[in-house]
Amino acid sequence: MAMGATFDFKKAAGRLGPSVTAAVVKLVGFCALFLPLAVLLGFREEKLVAILVMLGSATTVTSYVMARSMGHEGVLSASTVMLTTLLSGFTLTFWLWLLRSLALI
C-alpha cells in the first residue's frame, strides 16, 4: 500500500528504460541462465518448478521498502515491482510451457 500511495507515474516514465531492463533480467534472464543449469544438475518435476518460481516470480515489495529505508527515492524499485508483477504471469506461463514441452515437468 505504501508503494502504491507514493508511486509517481511521471517520474516512473522518466526511468522506464532501467525499469524494463531490470524486469527483463529478473523474469527472462535469470530463468534463461539458471534453468538449463538446474536441468544439467538433475532437477526435474516439482523441484524444477520450485526453482522456476524462485527465479521467475515478481520482484517483492520489500525491495521498495529497503530502497526507501536506505534513502533512495524508490521510483526505480517501485517501477520494477509493478512491471514484474504485471509481466510475471505471462513469463511464468511461457517457462512452464517450455519445460512441459521438453518433458522436464
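These legends go with a set of close-up views of a predicted model.

**View 1. The whole chain, an all-helix layout.**
Let's start with the overall picture: the protein has six helices and zero strands. Read from the N terminus, the elements go α-α-α-α-α-α. Out of 105 residues, 30% are buried. The protein exposes about 6700 Å², and carbon and sulfur atoms supply 74% of that area. As for how the chain meets itself, take the contacts between residues at least 6 apart in sequence: 76% of them join residues at least 24 apart.

**View 2. The largest nonpolar core.**
Ten residues make up this core: C31, L35, A38, L48, I51, L52, L55, W95, L99 and L104. Three helices each put in at least two residues, namely α3 (16-40), α4 (45-56) and α6. The top contributor is α4, which gives four residues.

**View 3. Zooming in on L48 and its contacts.**
L48 is one of the core residues from the previous view. Setting aside neighbours within four places in sequence, L48 is in contact with L35, A38, V39, F43, L99, L104 and I105. Among these partners, L35, A38, L99 and L104 also belong to the largest nonpolar core.

**View 4. A nonpolar patch on the surface.**
Now for the outside: V25, F30, L33, F34, L37, L41 and F43 form a nonpolar patch there. Together these residues have about 630 Å² of accessible area. One of them, F34, is found in helix α3. F34 counts as partly exposed because its relative accessibility is 36%, which lies between the 20% and 50% cut-offs. F43 is worth a second look, as this patch residue is also in contact with L48.

**View 5. T80, a buried threonine in α6.**
T80 sits in helix α6, which covers residues 75-101. Its relative accessibility is just 9%, so T80 counts as buried. Beyond residues up to four places away in sequence, T80 touches S19, A22, A23 and T59.

**View 6. T80 up close, with L76 and T59.**
What lies 2.8 Å from a polar atom of the T80 side chain? That would be the backbone oxygen of L76. T59 is another residue to pick out here, being among those that T80 touches. T80 and T59 are 21 residues apart along the chain, and their C-alpha atoms are separated by 7.1 Å.

Methods: Residues are numbered from 1 along each chain as its sequence is written. This is a predicted model: local features need pLDDT of at least 70, side-chain atom pairs count only at pLDDT 80 or more; totals for chains, interfaces and linings use all residues. Side-chain values use heavy atoms; hydrogens and water are left out. Buried means under 20% relative accessible area, exposed over 50%, partly exposed in between (1.4 Å probe, protein chains only). Contact means heavy atoms within 4.5 Å. A polar contact is a pair of N or O atoms within 3.5 Å; within protein, one must be able to donate a hydrogen and the other to accept it, and residues adjacent in sequence count only if both atoms are side-chain atoms. Accessible areas come from the Shrake-Rupley method with a 1.4 Å probe; for residues, only the protein chains shown count as cover. A nonpolar core is a set of buried Ala, Val, Leu, Ile, Met, Phe, Trp, Tyr and Cys residues joined through side-chain atoms within 4.5 Å. Patches are made of residues with over 30% relative accessible area and no salt bridge: like charges are joined within 9 Å, nonpolar side chains (Val, Leu, Ile, Met, Phe, Trp, Tyr) within 5 Å. A salt bridge is a side-chain nitrogen of Lys or Arg within 4 Å of a carboxyl oxygen of Asp or Glu.
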